[in-house]
Amino acid sequence: MRACAHIRVRGCYKPLRRTIARAGAKAYNQHMKTRYALYARVSTLNDSQTTSFETQEEDLSARIKVLYPEYELYRVYGDLGISGTKEDRPQFKKMIEDAKAGKFDVIITKSISRFARNTRLLLNALNELETAGVGVIFLEENLDTRREGQKFILTVLGGLAEMESSNTT
């Protein structure tokens, strides 16, 4: 290890500058609010489901204000009339793209069944989001992918949501 007692020593100022920059970024990030995206979905376009979508969004917003008052809403994403077993969900795809672009820090949704009813889709989306550094909170199941040991539970519950979907169709 080199001693950097004097600024004139060649090469010593760069590591010091990097350390100061990292410390400044860390302090800045600690004061930023966590930005979240809200995701809601209903399977059909009939009137009761449309009302359910609106209620789902309102209920989620109210619960988030109580549970996570320090969080800041980035955007609400919602797919109407599209099954959670389908890959082609425009708002879901847009949400994943925005997550990869770093537009928010976490996705909050009502339940695993609102997020995906296909285990493969669920795990693929969670892996993409994990790679992007974005967590997912499932309020009904009280699961947060940012905590350790959640993937196994999510796999089992995702399989149950898929099975429930195939039994109702």
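Asp144 is buried, with a relative accessible area of 8%, where buried means under 20% relative accessible area, exposed over 50%, and partly exposed in between (1.4 Å probe, protein chains only). In this predicted model, local features need pLDDT of at least 70 and side-chain atom pairs count only at pLDDT 80 or more, whereas totals for chains, interfaces and linings use all residues. Residues are numbered from 1 along each chain as its sequence is written, and side-chain values use heavy atoms, with hydrogens and water left out.

The side chain of Asp144 meets that of Arg146 in a salt bridge of 2.7 Å, N to O, a salt bridge being a side-chain nitrogen of Lys or Arg within 4 Å of a carboxyl oxygen of Asp or Glu. Arg146 is partly exposed, at 41% relative accessible area. Salt bridges that share partners also join Arg75, Lys94, Asp98 and Lys103 into one network.

Within this network, Asp98 counts as buried at 3% relative accessibility, and its side chain forms a salt bridge with Arg75 (3.9 Å, N to O). This pair links distant parts of the chain, with Asp98 in helix α3 (residues 90-100) and Arg75 in strand β2 (residues 72-80), 23 residues apart; helices (H or I, at least four residues) and strands (E, at least two) are DSSP runs, numbered from the N terminus. Lys94, which is partly exposed at 30%, also forms a salt bridge with Asp98, the closest N and O atoms being 3.0 Å apart. Lys94 and Asp98 are separated by about one helical turn, because they lie 4 residues apart in helix α3.
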